[in-house]
Amino acid sequence: MWPIKLDMTRDECRGVLRRLELESYSSVMSTFRAQGGLCKEKARILDELRKLLHISQDRHKAESRRVANDERLTTVAEM
């Protein structure tokens with residue numbers, strides 16, 4: 001059985017897509033922080049993801065601050 005297509009407006013679909021983009025970028029940032037330091041390869045991946053997911057430089061900086069100040073991620077990174 002195939003999924004049913006919902007009755008959503010174009011704006012609603014764009015909103016869902018945007019939230020998914022932001023959540024995805026945030027998750028990758030959290031994961032990379034929990035893995036430890038940011039190497040050149042991870043920085044390159046984040047730069048590519050930023051472009052593909054339409055993440056502004058300001059949003060990237062805000063995410064960077066968030067993960068740098070997250071005690072749980074810092075704890076995991078140091079284990």
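## Arginine 19

In this predicted model, arginine 19 has a relative accessibility of 48% and therefore counts as partly exposed, since that class lies between the buried residues, under 20%, and the exposed ones, over 50%. The residue belongs to helix H1.

Arginine 19 can also be placed with respect to a residue further along the chain, leucine 73, which is 54 residues away in the sequence. Between the C-alpha atoms of arginine 19 and leucine 73 there is a separation of 22 Å.

## A nonpolar patch on the surface

Four residues, Leu6, Met8, Val16 and Leu20, make a nonpolar surface patch with an area of about 350 Å². One of them, methionine 8, sits in the segment that comes before H1, and because its relative accessible area is 33%, methionine 8 is partly exposed.

## The largest pocket

Rolling a probe the size of a water molecule over the atoms shows where empty space is left. The largest pocket found in the model has a volume of about 190 Å³. Its lining consists of 14 residues, and those closest to the centre of the pocket are Met29, Leu38, Leu46, His60 and Ser64. Three helices each give two or more residues to this lining, namely helix H1, which covers 10–35, helix H2, which covers 40–52, and helix H3, which covers 57–68.

What classes of residue make up the lining of the largest pocket? Sorted by class, the lining holds 7 nonpolar residues, 4 polar residues and 3 charged residues.

Technical notes: Residues numbered from 1 in each chain as written. Predicted model: local features only at pLDDT ≥ 70, side-chain atom pairs only at ≥ 80, totals over all residues. Heavy atoms only, no water. 1 Å grid on protein atoms, 1.4 Å probe; cavity = no way out; pocket = protein on both sides within 12 Å on 5 of 7 lines; lining within 4 Å. Points joined across faces, edges and corners; volume = space filled by probe spheres on them. Helix = DSSP H or I, 4+ residues; strand = E, 2+ residues; numbered from the N terminus. Nonpolar A, V, L, I, M, F, W, Y, C, P; charged D, E, K, R; others polar. Patch = residues over 30% accessible without salt bridge, like charges linked within 9 Å, V, L, I, M, F, W, Y side chains within 5 Å. Areas by Shrake-Rupley, 256 points an atom, 1.4 Å probe, with all protein chains shown as cover. Salt bridge = Lys/Arg side-chain N within 4 Å of Asp/Glu carboxyl O. Buried < 20%, exposed > 50% of the residue type's maximum accessible area, 1.4 Å probe, protein only.
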